[in-house]
Amino acid sequence: MATLIQTLPFLVDGLLTTLLVSACVIVLSLIVGLPLGCVLAFGPFWARAPIRLYADFVRGVPILVLLYFVYYGLPAIKVNLPSLLAAIVALTAFKSAQIIEITRGSFQSIPTGQTEAAKAIGLTLFDRFTHVLAPQAARRFLPPFVNSVVDTVKGSSLVSLLGIVDLMLSLQQVIGRTHVALPLYLIGALMYFAINFPLSALSRRLEKRFV
Amino acid sequence: MANYHFNFAIVWRYAGKLFEGLLLSLELAAASIAIGMAIGLVLALISLDGPKWARPLIAAYVEFVRNVPLLLLVYLVFYGIPSAIDLQYDAVTSFVATLSIYSGAYLVEVMRAGLEAVPRGLIEAGKAIGLTPMKVLWHVRLPTAMRIALPSLSNTYVSLFKDTSIASAIAVPELAYGMRWIETQTFRTVEVYLLATPIYLITSYAILLLLRLAERRYSIAR
Amino acid sequence: MAETDARASAAKPVIAIEGLTKSFGANQVLKGVDLSVGKGEVVAIIGPSGSGKTTLLRCINFLEEYDGGSVRIDGTEVGYRDGTGARKRRSDRELAAIRVDAAMVFQQFNLFPHLTAAQNIMLGLMKSRGRSKAEARAIAEKWLARVGLSAKVDAMPSQMSGGQQQRVGIARAVAMEPKVLLLDEITSALDPELVGEVLAVVQELAAEGRTMILVTHEMAFAQEVADRVVFTDQGRIVIDAPPAKVFGEQPHERLRAFLSRFVGFRPNPA
């Protein structure tokens with residue numbers, strides 16, 4: 001028991017890395033995904049086509065393969081990223097595709113009557129977007145987005161396979177030293193659960209409230 | 001980038017490894033989905049029609065599994081459990097067990113939503129022609145629920161196929177593992193990815209296409 | 001207080017309801033209903049919404065579990081085991097066997113959406129009447145022909161109009177050869193132009209002497225097809241008489257108020 005308590009600071013360090021990676025990925029993929037998602041919902045075909053291609057490509061490949069590709073594959077063509085950066089780039093590439101889809105879906109599920117009604121009262125394109133479409137889309141966006149934050153935290157565990165000492169790898173290292181496997185895995189699971197469960201619960205509540 | 005010299009010949013020699021890997025990935029996914037569907041269906045029925053006390057237990061299972069990384073569950077089952085109790089199994093068995101439990105947690109929700117969406121009137125119509133509850137379940141509720149759930153099921157199945165790549169973390173020789181293996185043997189990194197990525201892409205979309213066809217074939221437009 | 005018609009099934013009734021009560025929470029929707037229906041009789045139940053008429057119909061095949069009183073089909077208590085002492089709810093297997101004797105046609109058709117028209121009819125024949133697939137198919141085809149849908153034997157419900165779906169619904173019920181056919185506002189969900197084709201089928205079935213109980217808002221139809229009209233109000237049967245009497249003299253104030261809402265319906269005493 002004492003050894004387990006001694007390992008806690010180490011695990012907490014790992015947890016912080018997990019949270020850092022997750023936060024970076026979420027923020028970056030919102031920056032990438034939101035505008036691209038809007039373009040996919042409203043843009044002309046020539047702008048939609050490459051985005052659709054990108055999103056469909058990324059969603060057809062496992063995250064792990066994307067991670068390997070950025071970490072092991074890019075150096076072969078002389079793009080060398082430090083492992084932490086490579087991990088964030090790969091996870092962001094994946095998450096952006098999801099954000100794009102969620103954004104598009106949020107706008108496209110708004111009945112066309114809303115746009116027509118907004119036009120009928122003489123709103124400009126800009127006003128239609130900011131006062132009618134965006135507020136409604138935001139409500140549809142939030143539940144799946146919060147859910148996808150949970151997926152991000154879970155998916156960030158894969159960076160351990162690139163040697164980044166996140167919660168997952170710090171668990172593995174502690175287990176390697178202490179040979180106490182099952183209890184430590186369970187502690188690790190509970191730590192992930194402690195972060196993710198409130199988010200899942202929030203997502204469900206948002207869904208009940210908004211849908 | 002400009003100076004990279006492609007050499008597919010070396011990688012091609014190992015292509016069989018990728019093919020075997022793909023087959024194993026598909027087998028892992030199929031086995032896990034089959035077991036996961038059984039888990040999902042039974043637990044969905046229990047949480048809808050079963051005793052009240054079972055509901056929090058099922059919710060606990062679903063919430064625990066869905067909020068913990070699959071990689072951690074894979075390690076927990078493969079390294080954690082045999083370290084604590086006297087039970088031995090190989091990596092493939094271990095992974096199938098893990099992915100089944102994992103998929104079950106997602107499929108419970110999908111199937112429950114499907115079963116709940118079966119109109120009450122259909123169940124009454126089943127009763128009115130003299131079907132027992134078991135027969136109503138088998139001939140009316142399940143077929144209707146499956147059709148309602150098909151779109152969600154399709155997405156879940158494709159995700160689970162992609163999730164088989166995580167088996168490479170415990171050295172199960174599936175597609176992602178084969179990919180990494182060839183890479184370390186040949187150092188032809190770019191070629192390996194150019195070959196392996198389309199395999200994942202094509203397979204994912206082939207699965208999705210088949211399921212979409214099934215959706216169209218079996219859809220119950222109302 | 002109910003003006004019961006003396007003629008009502010003096011012989012052994014097919015359906016015998018006595019003192020039936022049913023509550024949803026604090027709301028008692030059936031407050032002691034007595035009704036008996038003889039073989040070959042067609043009884044139309046009319047009344048304002050919330051008067052308990054649909055609940056009454058649904059109690060007859062125990063889709064609604066009644067609280068007190070009894071419902072008997074050919075002498076067999078429907079929902080509960082006969083015998084002394086406390087009432088015991090029948091097992092699901094027993095209920096299933098009894099329910100086929102009181103087949104139901106629903107307002108919303110409730111066709112099984114994953115089965116073709118023929119399969120909708122065959123399911124009950126095979127799974128509760130124990131018919132072989134070939135027999136069931138022949139019966140299904142015969143009944144689909146009877147309701148004028150020979151061309152739709154292998155059509156899915158989603159490929160049929162509401163009127164066609166409801167005719168399949170009727171065929172599905174009557175193919176079970178029930179002792180009584182229960183029709184629950186079967187034209188209420190239909191577009192007006194499709195009502196006629198469904199009522200024509202019901203009229204034919206009535207003409208060949210099938211026992212039927214129908215809840216309906218089609219006053220003209222009730223007058224035409226029914227042997228007796230039952231008017232329910234606030235959980236009780238207020239009037240139970242031949243249509244000529246019910247629609248003719250309009251003796252009851254509440255019935256008059258109710259009938260006055262049906263614009264264009266003119267009771268014509270025979």
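In which sense do S5(C) and S6(C) pair, and over how many bridges? In this predicted model, S5(C) and S6(C) pair in the antiparallel sense, and the pairing extends over 2 bridges. The legends below start from this corner of chain C and then turn to the contacts between chains and to chain A.

**View 1. S5(C) and S6(C) form one pair within an open sheet of 4 strands in chain C.** Where the two strands meet, C:Ile73 stands opposite C:Thr76 in S6(C). Read across the sheet, the order of the strands is S3-S2-S5-S6, and the pairing is antiparallel. S3 and strand S6 (76–77) of chain C each have a single partner strand and stand at the edges, so one side of each is left without a neighbour in the sheet.

**View 2. S2(C) is joined by bridges to S3(C) and also to S5(C).** Between strand S2 (residues 15–24) and strand S3 (residues 27–37) of chain C there are 8 bridges, and these two strands run antiparallel; within this pair, C:Thr21 has C:Lys31 in S3(C) as its bridge partner. The hairpin of S2(C) and S3(C) has 2 residues between the strands, and in this hairpin C:Gly25 takes a positive phi near 65°. Strand S5 (residues 68–73) of chain C is joined to S2(C) by 5 bridges, again with the strands running antiparallel, and here C:Ile15 has C:Ile73 in S5(C) as its bridge partner.

**View 3. Chain B touches chain C through a contact that takes 20 residues from chain B and 23 residues from chain C.** On the side of chain B that touches chain C, helix H6 (120–128) and helix H7 (133–163) of chain B are the elements that give two or more residues, and H7(B) gives the most, with 7 residues. Sorted by class, the residues on this side of chain B divide into 10 nonpolar, 5 polar and 5 charged.

**View 4. Chains A and B have the most contacts among the 2 pairs of chains that touch.** The contact between them takes 32 residues from chain B and 29 residues from chain A. On the side of chain B that touches chain A, at least two residues each are supplied by helix H3 (54–66), helix H4 (70–84), helix H8 (175–186) and helix H9 (189–218) of chain B, and the largest share, 9 residues, comes from H4(B). This side of chain B has 20 nonpolar, 7 polar and 5 charged residues. Chain A and chain C, in contrast, do not touch, and their nearest C-alpha atoms are 25 Å apart.

**View 5. In chain A, the axes of H5(A) and helix H6 (residues 125–155) come within 10 Å and cross at roughly 155°.** With this crossing angle, which is over 145 degrees, H5(A) and H6(A) are therefore roughly antiparallel to each other, and their crossing is right-handed. From H5(A), the residues A:Gln114, A:Thr115, A:Ala118 and A:Lys119 meet A:Arg128, A:Val132, A:Leu133 and A:Gln136 in H6(A); by class, the residues of this contact divide into 3 nonpolar, 3 polar and 2 charged.

**View 6. Chain A averages a pLDDT of 90, and 99% of its residues score at least 70.** Among the elements of chain A, the lowest mean pLDDT, 83, belongs to helix H5 (residues 112–120), whereas the highest, 94, belongs to helix H4 (residues 83–108) of chain A.

Notes: Residues are numbered from 1 along each chain as its sequence is written. Chains are lettered from A and ligands numbered from 1 in the order in which they are written. This is a predicted model: local features need pLDDT of at least 70, side-chain atom pairs count only at pLDDT 80 or more; totals for chains, interfaces and linings use all residues. pLDDT is the predictor's confidence in each residue, from 0 to 100. Two residues are in contact if their C-beta atoms, placed from the backbone, lie within 7 Å. Ala, Val, Leu, Ile, Met, Phe, Trp, Tyr, Cys and Pro count as nonpolar, Asp, Glu, Lys and Arg as charged, and the others, Gly among them, as polar. Axes are lines fitted to C-alpha atoms, for helices over the stretch in contact, and angles run from 0 to 180 degrees between N-to-C directions. Angles under 35 degrees count as roughly parallel, over 145 as roughly antiparallel, 65 to 115 as roughly perpendicular and the rest as oblique. A crossing is left-handed if the near helix is turned anticlockwise from the far one by less than a right angle, and right-handed if clockwise. Two strands pair if DSSP finds at least two bridges between them.
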